[in-house]
Amino acid sequence: GMRFQVLGRYYGSYYSDWNATSRTRSEDTAQSWKIPNYYLFDLHASYKLPLDLAGINFEVFAHIFNLLDFRYIQDAMDNSEYNAYYNSDDPEKYGHTNRSAEVFFGAPRFFNIGLTLTY
C-alpha cells in the first residue's frame, strides 16, 4: 500500500520577456537575456492505512516540491528599468544581460500532507 514517485523536470532555452517599446534604437537587434537552465525534482508518497471503518478506507499522502531546494530564476523581463541595474546611456555594456534583467525567483522547497477518505 506504499507508493513513492520522484518526478524530475528540466527547463532549458528560455529567454526573458521583452517589451518592443523599450527597443528605441534600430541597431538594437540583440537577443533578449537567456535564463539559466535548471532542473527541479518533486517527491510524492502515499500509504493506504490497513483500516476499514464501516467501509471507509484511509490513505495518507505527502508531497515535497523542489525537493533539493534549488534556487532558480523562473521568469525574467529583459532590460527592465524598474528592478534591475539599468543604464540607458550605455546599452552595449548593460543591455540584454543578467545585470539589466528583472528576475523572478522560483519557489523554494515546500510541502503538503493530507489524508484521503474513500467510501
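Accessible area, as used here, is worked out by the Shrake-Rupley method with a 1.4 Å probe. With that in hand, welcome to a predicted model, shown in a set of close-ups.

**Figure 1. The whole protein chain has 1 helix and 8 strands.** Start here to get your bearings. Read from the N terminus, the elements follow the order β-β-β-β-β-β-α-β-β. The protein chain exposes about 8700 Å², and carbon and sulfur atoms supply 55% of that area. Of its 119 residues, 24% count as buried. How many of the contacts between residues at least 6 apart in sequence join residues at least 24 apart? The share is 68%.

**Figure 2. Four strands make an open sheet in the order S1-S4-S5-S8.** Here is the sheet that several of the later views return to. Its strands pair in the antiparallel sense. Which strands stand at the edges? They are S1 and S8 (110-118), and each has a single partner strand, so one side of each is left without a neighbour in the sheet. From one strand to the next, the twist averages 15°. A general point may help as you look: strands of a sheet pair through backbone hydrogen bonds, and the pairing can be parallel or antiparallel.

**Figure 3. Edge strand S1 pairs with S4 over 10 bridges.** The two strands are antiparallel, with S1 covering residues 2-11 and S4 covering residues 38-53. Two places let you follow the pairing. At one, Phe 4 has Ala 45 of S4 opposite; at another, Tyr 11 has Tyr 38 of S4 as its bridge partner. Is S1 largely hidden or largely in the open? Of its 10 residues, the number buried is 0, so S1 lies largely in the open.

**Figure 4. S4 and S5 form a hairpin with 2 residues between the strands.** Strand S5 spans residues 56-65, and 8 bridges join S5 to S4 in an antiparallel arrangement. To find one of the bridged pairs, look for Leu 43, whose partner in S5 is Ile 64. Then move to Ala 54 in the hairpin, where phi is positive, near 55°.

**Figure 5. S5 meets the other edge strand, S8, through 9 bridges.** The pairing is again antiparallel. A handy landmark is Glu 59, which stands opposite Thr 116 in S8. S8 itself runs over residues 110-118 and stands at an edge of the sheet, with a single partner strand.

**Figure 6. Tyr 10 and Tyr 39 are one of the aromatic pairs, of which the structure holds 6.** In general, such a pair is described by the distance of the ring centres and the angle of the planes. For Tyr 10 and Tyr 39, the centres are 4.8 Å apart and the planes make an angle of 45°, a tilted pair. What does the pair tie together? Tyr 10 belongs to S1 and Tyr 39 to S4, so the two rings link parts that are 29 residues apart in sequence. Both rings have company and some open surface: Tyr 10 is partly exposed, at a relative accessible area of 46%, and Tyr 39 is partly exposed too, at 47%.

**Figure 7. Tyr 11 and Tyr 14 form a tilted pair.** Their ring centres are 6.3 Å apart and their planes meet at 40°, which is why the pair counts as tilted. Tyr 11 is partly exposed, with a relative accessible area of 23%. Tyr 14 is also partly exposed, and its value is 45%. Widen the view a little and both rings turn out to belong to one aromatic cluster, made up of Tyr 11, Tyr 14, Tyr 38 and Tyr 72. Two of these names may be familiar, since Tyr 11 and Tyr 38 are also bridge partners.

**Figure 8. Thr 97 sits in a loop between helix H1 and strand S7.** The loop connects H1 (91-94) with S7 (102-105). Is Thr 97 buried, partly exposed or exposed? Its relative accessibility is 22%, and buried means under 20%, so Thr 97 counts as partly exposed. Beyond its neighbours within four places in sequence, Thr 97 is in contact with Trp 33 and Asp 78. A polar atom of the Thr 97 side chain lies 3.2 Å from the backbone nitrogen of Arg 99. Finally, look for Gln 31: Gln 31 and Thr 97 are 66 residues apart in sequence, while their C-alpha atoms are 9.6 Å apart in space.

Technical notes: Residues are numbered from 1 along each chain as its sequence is written. This is a predicted model: local features need pLDDT of at least 70, side-chain atom pairs count only at pLDDT 80 or more; totals for chains, interfaces and linings use all residues. Side-chain values use heavy atoms; hydrogens and water are left out. Buried means under 20% relative accessible area, exposed over 50%, partly exposed in between (1.4 Å probe, protein chains only). Contact means heavy atoms within 4.5 Å. A polar contact is a pair of N or O atoms within 3.5 Å; within protein, one must be able to donate a hydrogen and the other to accept it, and residues adjacent in sequence count only if both atoms are side-chain atoms. Rings of Phe, Tyr and Trp (its six-membered ring) pair if their centres lie within 6.5 Å; planes under 30 degrees apart count as stacked, over 60 as edge-to-face and the rest as tilted. Two strands pair if DSSP finds at least two bridges between them. Axes are lines fitted to C-alpha atoms, for helices over the stretch in contact, and angles run from 0 to 180 degrees between N-to-C directions.
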